[in-house]
Structure formats: C-alpha cells, structure tokens
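These are my notebook entries, written for someone opening this structure for the first time. I set down what I looked up, in the order in which I looked.

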Amino acid sequence: MSGKAELKTPEQLEAMRASGRVLAGALDAVEAAVAPGVRTSELDAIAQEYIRDHGGIPSFLGVPAAAAGVEPFPGAICASVNDVIVHGIPGGEVLTVGDIIGIDCGVILDGWHSDSARTLAVADVSPETFRLLQVTQAALGAAIAAALAGRHIGDISAAVQTTVEEDGFTIVRRFVGHGIGRTMHEPPQVPNFGPAGSGPVLAPGMTLAVEPMVNVGAADVQFDDDGWTARTIDGSLSAHFEHTVAISDDGPLVLTDGS
Ligand code: MG
Ligand code: MG
C-alpha cells in the first residue's frame, strides 16, 4: 500500500456514508443475534442477507488470501472468538456465556467500500474482559478524535497506543488500519502504534479505516492451519473495533456509525 491517498469529494463521501449505513445495519442485526448457543455461521448468514437486502455486496466474501495455497475468505463477516484477533472464519463454532466475539464486516454499495468492526460480549463476561472491550473502544474513540485535517497519521497511531498502554493492554502490530474507498485497502497504512507527528499529513477528503486490535497478554500473533485465523500467541483475549472515518475541515466524519 504505497502511493498517495485518493481524496474524495463531498458527494463521494456521502456515497461512502450510504455504504457505511448498510454496514452499520448489518452489524446491528448481527449484534442483536449474538447469544449463547448461536453458531458463528448463523451470524454470517444474517449479515449476508441484510447486506444483499439493502442493495450491497458483502466485500469480504471471496477475498483472495495473501498467502499461496490458502482458500479465498468464505464469509461476509470475520467472526473472531476470544483469543482470535482477526480473520476468524464463520462456521460451526457455538457461542457460550462469557465469550467475546469480534465481528468485522465490509460492504460495497455503488462501488464504494466501507469497513467496520465491533467486539461483543456473549451474555456476562468477567470484569477484565469488559475492561478490554471498553479500552479498545476508547482507543478507537481517541483515534477518531485525533483524525484532524493538518495533523498526521502518527497522531492517530499515538492516540491508540497511549490509550491502550496506559491501561496495561498490548497493541497488535502485525495488522494495521488502511485507506479505503473504491477498494477495501488503499494507501496510507494506519498503524496502531508510533510517534505523534509522523507519517502522511491528514488531508480533507482522506478516508481511513481505523482499527485498533488489543490483547490482554503478549502482542504476538499465530495463524491457524486455515491460513486466515489470527490468534494471540499465549491464548489471551483480544478485541477489535473499527470505523471508516473521513478527514474533513469540520472535523472527523464517522461513515460507519449508521448516521
Ligand atoms: Mg474490518
Ligand atoms: Mg479494515
């Protein structure tokens, strides 16, 4: 992902917001269905149906793997339970009380991509687990607040890192946020760590998928044999929140909050 970010016009940002609205609705539908006894494949079906009913295309479905010999992604959502950081494949896994599940999803509407994730508690979770979800969500909030025209990508990165590390959790460095627009992954990269003031300048019309991934334990990642599922190396829990955000002269615009 090298090269310059494409700056979107106000009309294009509204088209991306429309895509994000479908995505937010799909995530709401999935969230409403998360409960003990539910299979992650059922959540995937809910997302697919919602997206298609609203004129969108589930963008994750059929995404080619980066690694050779790995099948394209088979779901509309990534369903990442407990120690899975990201890219969990929806299937026969059954949710139980105390689990957390990261739901990451993408939509294409009229050629425009949106990308968003949230991590949900399955019924009651432990206080530490709840704190992990709160801190990861707060890190995303801090990142969005730092997404101001004239500042730098590194300001977003530093906001995430500071929020997470102040609370004693760790930032996953193996995966980063990204520009987004006519394709799901565009320049620039948006790391969740690094110094403020570094990296490209944030310009009005830039659209970024900002996505902190936070572990309770070590930051390291291991992959399952399916080539997709990324887990914590020590089995500790991991959370992931993501929004598609536009830089504007009037402050950050969250395009995937359903508004
Ligand atoms: Mg995503
Ligand atoms: Mg993303």
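Entry one, a small sheet. I began with Thr170, and I found that it stands opposite Asn215 in β10. The model is a predicted one, and I read each entry with that in mind. Thr170 led me to the pairing of β6 with strand β10, residues 213–215, which runs in the antiparallel sense over 2 bridges. I then looked up the sheet that holds these strands, and noted an open sheet of 3 strands in the order β6-β10-β13, with antiparallel pairing. β6 (170–171) and β13 (238–240) have a single partner strand each and stand at the edges, so one side of each is left without a neighbour in the sheet. As background I added that strands of a sheet pair through backbone hydrogen bonds, either parallel or antiparallel.

Entry two, Ile171. This residue lies in strand β6, and I asked myself whether Ile171 is buried or exposed. Its relative accessibility is 3%, and since buried means under 20%, Ile171 counts as buried. Leaving aside residues up to four places away in sequence, I listed what Ile171 touches: Val160, Gln161, Val164, Asn192, Phe193, Met213, Val214 and Ala219. I also checked Ile171 against Ser238, and found the two 67 residues apart in sequence, with 9.6 Å from C-alpha to C-alpha.

Entry three, strand β4. I went on to residues 100–109, which make up strand β4, and saw that 10 of its 10 residues are buried. Which residues cover each face of β4? On one side I noted Ile100, Gly102, Asp104, Gly106 and Ile108, and on the other Ile101, Ile103, Cys105, Val107 and Leu109, all of them buried.

I next looked for the partners of β4. Strand β1 (residues 57–58) is joined to β4 by 2 bridges and runs antiparallel to it, with Pro58 having Val107 as its bridge partner. Strand β2 (residues 77–81) also pairs with β4 in the antiparallel sense, over 5 bridges, and there Ile77 has Cys105 as its partner. With strand β5 (residues 112–121), β4 shares 10 bridges, again antiparallel, and in β5 it is Ser116 that stands opposite Cys105. β4 and β5 form a hairpin with 2 residues between them, and Asp110 in the turn has a positive phi of about 50°.

Entry four, Ser59. I found this residue in the loop between β1 and β2, and at 9% relative accessibility Ser59 counts as buried. Beyond residues up to four places away in sequence, Ser59 touches Gly106, Val107 and Ile108, as well as His113 and Met184.

Entry five, the whole protein. I counted 4 helices and 15 strands. The radius of gyration is 17 Å, close to the 18 Å that the globule rule gives for 259 residues, so the protein is as compact as a globular protein of that length. Along its principal axes the C-alpha trace spans about 45 × 40 × 35 Å. Of the 259 residues, 53% count as buried, and the protein exposes about 10400 Å², of which carbon and sulfur atoms supply 53%. Among contacts with a separation of 6 or more, 71% are accounted for by residues 24 or more positions apart. My last look-up was the charges: the mean positions of the 13 positive and 33 negative charges are 5 Å apart.

Technical notes
Residues are numbered from 1 along each chain as its sequence is written. Chains are lettered from A and ligands numbered from 1 in the order in which they are written. This is a predicted model: local features need pLDDT of at least 70, side-chain atom pairs count only at pLDDT 80 or more; totals for chains, interfaces and linings use all residues. Side-chain values use heavy atoms; hydrogens and water are left out. The radius of gyration is taken over C-alpha atoms; the globule rule is 2.2 Å times the number of residues to the power 0.38. Buried means under 20% relative accessible area, exposed over 50%, partly exposed in between (1.4 Å probe, protein chains only). Contact means heavy atoms within 4.5 Å. Accessible areas come from the Shrake-Rupley method with a 1.4 Å probe; for residues, only the protein chains shown count as cover. Lys and Arg count as positive and Asp and Glu as negative; His and the chain ends are not counted. The place of a charge is taken as NZ of Lys, CZ of Arg, CG of Asp or CD of Glu. Two strands pair if DSSP finds at least two bridges between them.
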